[in-house]
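Got your viewer open? Take this tour one selection at a time, and keep the mouse handy.

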Amino acid sequence: MIYLIFAYFCLSTLGISIMALTRKNPVHAVLWLLLLFLHVAVIYLFLNAEFLAMVQVIVYAGAILVMFLFTLFLLGARELPKKKRYTSMIEGRLLIGLSITATILAVFSSIKAKYTGKYTIKYIQEVGNTKAIGVMLFNEYSLAVLILGVILLIPMIAVSVLAWRRRDDTS
Amino acid sequence: MIEFLIMLIKTTVVFGIVLTHVAYTTYAERKIIGRAQARMGPMEVGPHGLLQPIADFIKIFFKEDIIPVKAEKLLFQIAPLIVLVFTMINLTVIPFDKNFILADINVGLLFILASASISVYGIILAGWASNSKYSFLGGLRSASQVLSYEIALGLSLAGVVLMAGSLNLRDIVIAQHNTALGVYAIPQIIGFVVFVISAFAETNRAPFDLPEAETELVAGYLTEYSAFRYALFFLAEYVAMYIMAFLCALCFLGGWTIPKFVTDILPFLEKVPGIIWFAIKVYAFIFLYIWVRATLPRYRFDQLLNIGWKVLIPAGILNIIIIAIFKRFTS
């Protein structure tokens, strides 16, 4: 039963991404993307990553996608321009097809029957998923977290500076 | 199979009780506001107007469901459902008593924040799908209001998570019960105030009820809705009020427990079932909602965003810093 549900979510992830790509109305495309993010969150749940699932919904569905929608509304794009949307360039098709095949092969070749590391399922169930991620993030990867924080801080400062300058002009 | 049946019965009981409460909250609201304005409130249907909510629901559910010709039909129809479903789903992670919780998951608090962030889509879609200027602008306004206050809400709850060391709502209550004061509302007074204000804004209630400001944008994203689709939005608003009241009771007021120093003085209070303490706290918060609506004037939209971004978010961050320092030097 649980495998059937897992299979449903994996297959519908594929189906929904195709739907999201082929929609003519950008708002509909964003909504399919929302459905896709929710399905991905459920797949995370199947992988015992409850914290990641919730963060997926809060950050991607709750913040980034809403920003997409606001941008769409600000641009007032009710329909995408009626141009040909798909290229017929054979080199491009070959390149993308081959790279996807290579990725899939690389993933398949690195599948191990049994996980042999520090973070086993038993360990994670013992300490809890959220705590395990937190401890790892702020100890082993603390430098990366700091760098990310600085990278995110700079655009914030830049945006405030731009907003201030605009206010001076109008007054 | 038996487990499944028990789960089904529990779910029905919880949803039934909450929906009955929602119906009678509308009655309580009209009565209390009536008293505040020296009127009687509803008096006609039943003794003291007690059957008024039932009459209202019968009326609104049998009205004609009008869908504008130029509306995006499917999205127009599902928008109220998105709001209602993703509000009601929160009831599953709320612990009503020590052992009465539908789904005891480890990330309960994040679950509530996540479903709140999805229900914003219902508001945006309702505005967009109506294909009307007023609805659209109102929808965008309400969405940006809910989004900005969600940050303040999350920050004030982050202080609670930091202090309790868990995202599980039951663990938060137990951790709270083990502190000397028994409630987080006193050591985290800044976070508590931020939480209360953003809870009002998050549920689109007075003094932040911009969709109700007829002079500006008619009825905001609700303009084109009628009959039971309007009722669904209405229902979702009241359920959301209850969710916020539950969260406030659980995260700041000690949930189903009462502080230990009280039971030390009056030991017989321990025999009172936890659900009663929980209900008292929730009713107090709902009363606060209604009281504020009867008392305070409405904010302008730019004032509302300024309060959110320039006062509440810095205050929330300050709260986290204070709690972090406190936590560092006590444990």
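One idea before you start clicking: the radius of gyration is worked out here over C-alpha atoms, and the globule rule is 2.2 Å times the number of residues to the power 0.38. Keep in mind, too, that you're looking at a predicted model.

**Stop 1: select chain B.** Try the rule right away. For 331 residues, a compact globule would have a radius of gyration near 20 Å, and chain B has 20 Å, so the two agree. Now turn chain B around: along its principal axes, the C-alpha trace spans about 60 × 50 × 45 Å.

**Stop 2: switch chain B to cartoon.** How many helices and strands are there in chain B? You should find twelve helices and zero strands. Follow the chain from the N terminus and each element you meet is an α, written α-α-α-α-α-α-α-α-α-α-α-α.

**Stop 3: look inside chain B.** Of its 331 residues, 43% are buried. Next, think about who touches whom. Take the contacts in chain B with a separation of 6 or more: 78% of them come from residues 24 or more positions apart.

**Stop 4: colour chain B by pLDDT.** The average for chain B is 85, and 98% of the residues score at least 70. As a rule for any such picture, where pLDDT is low, the predicted coordinates should not be read in detail.

**Stop 5: select chain A.** Here the cartoon shows seven helices and zero strands. From the N terminus on, chain A reads α-α-α-α-α-α-α. What percentage of the 171 residues in chain A is buried? The figure is 13%. As for contacts in chain A between residues at least 6 apart in sequence, 52% join residues at least 24 apart.

**Stop 6: show both chains and find where they meet.** Chain A brings 14 residues to the contact and chain B brings 15. Which elements of chain A give two or more residues to the side that touches chain B? Select α2 (26-46) and α3 (50-75) of chain A, and you have them. The largest share of that side, ten residues, comes from α3(A). Now colour the side of chain A that touches chain B by class: you'll get ten nonpolar, three polar and one charged residues.

**Last stop: the complex as a whole.** Zoom out until both chains fit on screen. For this complex, the predictor gives an ipTM of 0.79 and a pTM of 0.85.

Note on methods:
Residues numbered from 1 in each chain as written. Chains lettered and ligands numbered in written order. Predicted model: local features only at pLDDT ≥ 70, side-chain atom pairs only at ≥ 80, totals over all residues. Helix = DSSP H or I, 4+ residues; strand = E, 2+ residues; numbered from the N terminus. Buried ≥ 20, exposed ≤ 12 C-beta atoms within 10 Å, placed from the backbone. Contact = placed C-beta atoms within 7 Å. Nonpolar A, V, L, I, M, F, W, Y, C, P; charged D, E, K, R; others polar. pLDDT = per-residue confidence, 0-100.
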